[in-house]
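User: Please explain how the labels applied to the model shown below are justified, setting each value against its definition.

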Amino acid sequence: MESQSFSVKRAQVEFHNFASLGEPERAFSVYAEENERRGALIQKHIGFIGEMTPFLEIGANAGHSSYMMANQFGADGFALDISADSLRHGIALQDRWGLPRAPIRLAGDAAKLPFADGSLRFVLAFQLLSQFMDIESLMVEVKRVLAPGGIFLFGEEPLKRLLSLRFYRCPYYETMKPWERKLADWGLLGYLVRDVIGAHQEESFGIRQNHSLGLHDWHRLVQKHFAGHRYEIFVPERGWGERIVKYGARRLDPYRSFWRAGRLLGGTLAGFCRKEGEAAPVAFDISHFETCLRCPDCGSSFRRDAAETLTCASCGYRAALEGGVYNLLPAQDRDELYPGDREDIIDLSQPGCERRLLEGWTEIEGVFGNKYCWIGERATARLGRVNPVPQRLRIRGHASEESFRKGERVEVKVTVNGGSATSWTLDRPGLFLLETDVEDYPEYLLEIKASPTWTVPSDDRIFTVNLSMIRLIPREVVVGE
């Protein structure tokens, strides 16, 4: 089983940029709340964890929990995420929170960690494992880089819920329809939806999620790969519909634990897993952190020069320090996931994209990784082809609540080089991602139409939806769940 397809990696880079950079004030608040919760969890089990240096957080996003490790717990280590831009935004967190210490920031692949065997004492990951179809392969990789007796903490991982009809994926609360909000407030919506409420948004972005593991499944994986463990189970209690079942399940549990409630209602799991072997301090000097790393292409060691550039001693792989982040993705992935300004991409958050916008676009608005342009009834754009393989058109945008005021659904139509139009219907406000296969052309002239239109009293423009990215991507075979 492929642990994660390349299309999912691409979607994660795009989504992390949007989620981490697009709404900075909201992100600051969310990160602070997560750190408070995660810090309390680590403190509770600090006796089991022991020494934390050197640590590695995988799927670190902006690295906020790694900053917590460095400052609250005084540990030295690394923050790794597939999104280099999210990690760069973490530097703003350090300034905002007045933190004196920072982790080493690395863009990398969690399924192919750029670390030497046995080089780390503590690995932690929050909301990460369920992003992979083959979760066991991630555990094997983590075990490889842990020293004997080292600890792996995974947290906030979804538990498959037994009491659910699994009708559909539900969006976040703020974009629910009125009847969905009512059922959510009563604690009844979870009995209808497929998995974690809110999973719909990331899934619609192209991120594949694995919510197939229940408590027993997680336990079997942990027992298979680790010598010791501790768990923390967090079961939801949204309204009377879940409160009653949670209370009854705990009363029936012989140990008064949340094990039965977690199986019935789902929730999230945190696991503290100890690798076999005698625990001992791992020698680590942060001024020579490269001794922990290995080349993602050939597995050899790195040298670091006076310019802070990492160079593989064997194959010549190079990674410069760019904006405080080393990009240690395999070279082929790095070139495609971080292409820069290219003819087949219109990313409104990247400079230079404006020359591929033609008619019908407003001025660029937004901040950081969430820059966009509004369109009216019609807009046009141009893309050039740089990849010889069959192509797929990918459009990212956002539908405002204003578009649904009249009670109509939002329709978006796209015509490529004057051919027949492809149309999509949106039934709720929020982020959307549209994809369609396109024929082979050296250049693509796109006409995008949207309805219904709406206006703002203080503005003479006509609005429909806003768009933040248009690009061509290679077609890939989509594997079913």
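Analyst: Glutamate 308 is found in the loop between β8 and β9; helices (H or I, at least four residues) and strands (E, at least two) are DSSP runs, numbered from the N terminus. This is a predicted model, in which local features need pLDDT of at least 70 and side-chain atom pairs count only at pLDDT 80 or more, while totals for chains, interfaces and linings use all residues. Residues are numbered from 1 along each chain as its sequence is written, and side-chain values use heavy atoms, with hydrogens and water left out.

User: Why is glutamate 308 called partly exposed?

Analyst: Buried means under 20% relative accessible area and exposed means over 50%, with partly exposed in between (1.4 Å probe, protein chains only). Glutamate 308 has 29% relative accessibility and therefore counts as partly exposed. Its phi is positive, about 70°, although it is not a glycine.

User: What makes arginine 256 partly exposed?

Analyst: Arginine 256 has a relative accessible area of 42%, so it is partly exposed. This residue belongs to the loop between α10 (240-252) and α11 (259-265). Arginine 256 also has a positive phi, about 55°, without being a glycine.

User: Which strands form the open sheet, and in what order?

Analyst: Its three strands are arranged as β8-β9-β10, with antiparallel pairing. β8 (302-304) and β10 (318-319) are the edge strands, as each pairs on one side only. Two strands pair if DSSP finds at least two bridges between them. Strand β9 (residues 310-312) is joined to β10 by two bridges, and the pair thus meets that definition. Within this pair, threonine 311 stands opposite arginine 318 of β10.

User: Why does threonine 311 count as buried?

Analyst: Threonine 311, a residue of strand β9, has 14% relative accessibility and therefore counts as buried. Beyond the residues up to four places away in sequence, threonine 311 touches Ser301, Phe302, Arg303, Gly316, Tyr317 and Arg318, contact being heavy atoms within 4.5 Å.

User: How do you know that cysteine 312 is in no disulfide?

Analyst: The structure holds zero disulfides, a disulfide being a pair of cysteine sulfur atoms within 2.5 Å. For cysteine 312 the nearest cysteine sulfur, that of cysteine 298, is 3.4 Å away, so the definition is not met. Cysteine 312 counts as buried because its relative accessibility is 2%. Cysteine 292 is likewise in no disulfide, and its nearest cysteine sulfur, that of cysteine 295, is 16 Å away. With 4% relative accessibility, cysteine 292 is buried as well.

User: What are the members that touch the most others in the largest nonpolar core?

Analyst: Phe78, Phe115 and Phe152 do so in this core of 51 residues. A nonpolar core is a set of buried Ala, Val, Leu, Ile, Met, Phe, Trp, Tyr and Cys residues joined through side-chain atoms within 4.5 Å. Helix α6 (residues 135-145) gives the most to the core, with five residues. A second, separate core of 31 residues includes Leu357, Cys373, Trp424 and Leu426.

User: Which residues of α6 are buried?

Analyst: They are Ile135, Leu138, Met139, Glu141, Val142, Arg144 and Val145. The buried residues of α6 pack against β1, β4 (120-126), β5 (146-159) and α9 (215-225). Phenylalanine 115 has contacts with Arg144 and Val145, among others.

User: Where do the side chains of β21 point?

Analyst: They alternate: Tyr444, Leu446, Ile448 and Ala450 point to one face and are buried, whereas Glu443, Leu445, Glu447, Lys449 and Ser451 point to the other and are not. Strand β16 (residues 378-384) pairs with β21 in the antiparallel sense over seven bridges, and leucine 383 has tyrosine 444 as its bridge partner there. Strand β18 (residues 410-416) is joined to β21 by six bridges, also antiparallel; valine 412 stands opposite alanine 450 of β21.

User: Where is proline 452, and what is the form of the peptide bond from serine 451?

Analyst: Proline 452 lies in the loop between β21 (443-451) and β22 (466-474). The bond from serine 451 to proline 452 is cis, with omega near 0°. Another cis peptide bond joins threonine 53 and proline 54, at an omega of about -5°.
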